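Hi there,

Here is the structure I promised to pass on. My notes follow below it.

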Amino acid sequence: MNNSLASLISKGRAISGASFMMAASLAAITTSVMAAPTLSGIDTGTASELRSGNSITITGSGFGRKEQGAPVLFDHTDVTWENGVANKHQSTFNDMTLVKRVNVDPNTIWTKPSLPEEHSTGILVTNSRPTRDGNPGSHYYGKGNVNFLGWPKASGGENTNFESTKMYSAFWIKLPYDLTNYYAIPAERKPSAFATGGRESYGESIKIEGVDGLGRVIAYEDIGSLANGWLFIEPPRGVSIKDLTGKRIVGLESGAEVVFPESSSLGKFDQYGFLSPRGKYARFWSDPTGRGYRFSLANLGLAGTGSSIWANSFGGLSPEPGSWNLFEIEIDLGASPSLTAWLNGRVYLASDSDWAEALKNSDVDDATGLTIALLGMDDFMPVPFTVELDDIYLDKTLHRVLFCNRSTVEEIRGKGAHCEIQRPVAWDDRRISVEVNLGALSQDKDSVYLYVFDANGNVNSRGWELNKVNAPLPPQDFQAQ
């Protein structure tokens, strides 16, 4: 327990049995003009430690009414919670088992995942690759440029079975390279003399004429109709097309040289020129025909109904290569439309009044709730990439509970944070029951702070500290200030 917390421990009331309650002053925990949720206590029952799988009860006020306490979907791969019911269909899958469509596997979790093709494996369930938390377990994996999950059965498959103007979704994704910052250019020979890495690692560093800093080689691919194939490279961040065109590129290890083309390739891999990234991470649709609301989270922004939202001046934030990254997306299509996406806690993109007006002026009028139509990787180029996915969350409200390793929402949104989404079991305006999900929060170094979001996305601005993750919780009441 840290010193500031220890100083707040009261001599308080006796607690019957091993159950205890942590009580807090209301005004100190939350300060918000939007009437954010107020926390007043955490009851851990008989548990003496904060562990994944334990149940806790959060008390307070302003949580709002949530008709179904459980989310629509919380998919941990080996166990999937569908509207609060555990589905262990994938728990017996052998390593690298393909996730099949519903016409082949009637018990599938996802009714319309991508199919294997020439350059893509399809989405596989893996239990041999390193997991997000370092413990044995399963997650999703795909190799190639078109590997995604889609239309979860929990929301009705391709016929969404609920109406809602709101949606919150979150997912963890791991990619080997930065999908906002790469180019494919014709190689200097076949095969290229540039030193490449493996399918999931960078190759040699490169120096680009007139550009500060070093870029990196990603891969060489013998694709398309050009004689020499194509070289995939990553320039230093912040370098524009104008800085690259016509410039000589030299490999620091191999000494190989190639020139960045003057113009783009209009014929994709069949015409000389450069190719820029343009892939998708996710689609959230209300109608599989595409006639309903449509939102696509791409590697540079979000396009869809109404107008596009560009992310941080074309990619100021992007998933960190080789690490697990958390995307969160909150959409409200009600009277005051809004859309926000966060990446590792920080604002990735956010709508404004112009976007809201464009949405309201669109010709779409669909009461069907949004669901996950695509999640993973969808790029027209046969990129030499892989994608990994885990802990996929979808709900038809904005209510949610997060554990984060920063003490205020301001820090989370400004500096970034490691947050883990919890699984609500029951929810009313003054009481929430959740099953703890510590995920990859460090058991050695992280303090954990609790955040509750209401139906409008309002949240307590200061987190409720749950003490060190691996230390026993206080055996008596305390007053937080």
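What is the torsion about the S-S bond of C404 and C419, and is the disulfide right-handed or left-handed? The torsion is about 110 degrees, so the disulfide is right-handed.

Before going further: this is a predicted model, in which local features need pLDDT of at least 70 and side-chain atom pairs count only at pLDDT 80 or more, while totals for chains, interfaces and linings use all residues. Residues are numbered from 1 along each chain as its sequence is written, and side-chain values use heavy atoms, with hydrogens and water left out.

Searching the whole structure turns up 1 disulfide (a pair of cysteine sulfur atoms within 2.5 Å). C404 and C419 form this bond, with S to S at 2.1 Å. The pair links distant parts of the chain, 15 residues apart: C404 sits in strand β27 and C419 in strand β28, residues 419-421 (strands are DSSP runs of E, at least two residues; helices are runs of H or I, at least four; both are numbered from the N terminus). Both C404 and C419 are buried (under 20% relative accessible area, 1.4 Å probe, protein chains only).

The two cysteines also appear in the lining of the largest cavity, along with L402, V409, I412, R413, Y451 and F453. Three elements each give two or more residues to this lining: β27 (400-404), α6 (409-415) and β31 (447-453). The largest share, 3 residues, comes from α6.

On a 1 Å grid over the protein atoms alone, a cavity is a set of points where a 1.4 Å probe fits but cannot get out, and lining residues have an atom within 4 Å of a point. The volume of the largest cavity is about 40 Å³.

Best wishes

Key. On a 1 Å grid over the protein atoms alone, a cavity is a set of points where a 1.4 Å probe fits but cannot get out, and a pocket is an open set with protein on both sides within 12 Å along at least five of seven lines; lining residues have an atom within 4 Å of a point. Grid points are joined across faces, edges and corners, and a volume is the space filled by probe spheres set on the points. Buried means under 20% relative accessible area, exposed over 50%, partly exposed in between (1.4 Å probe, protein chains only).
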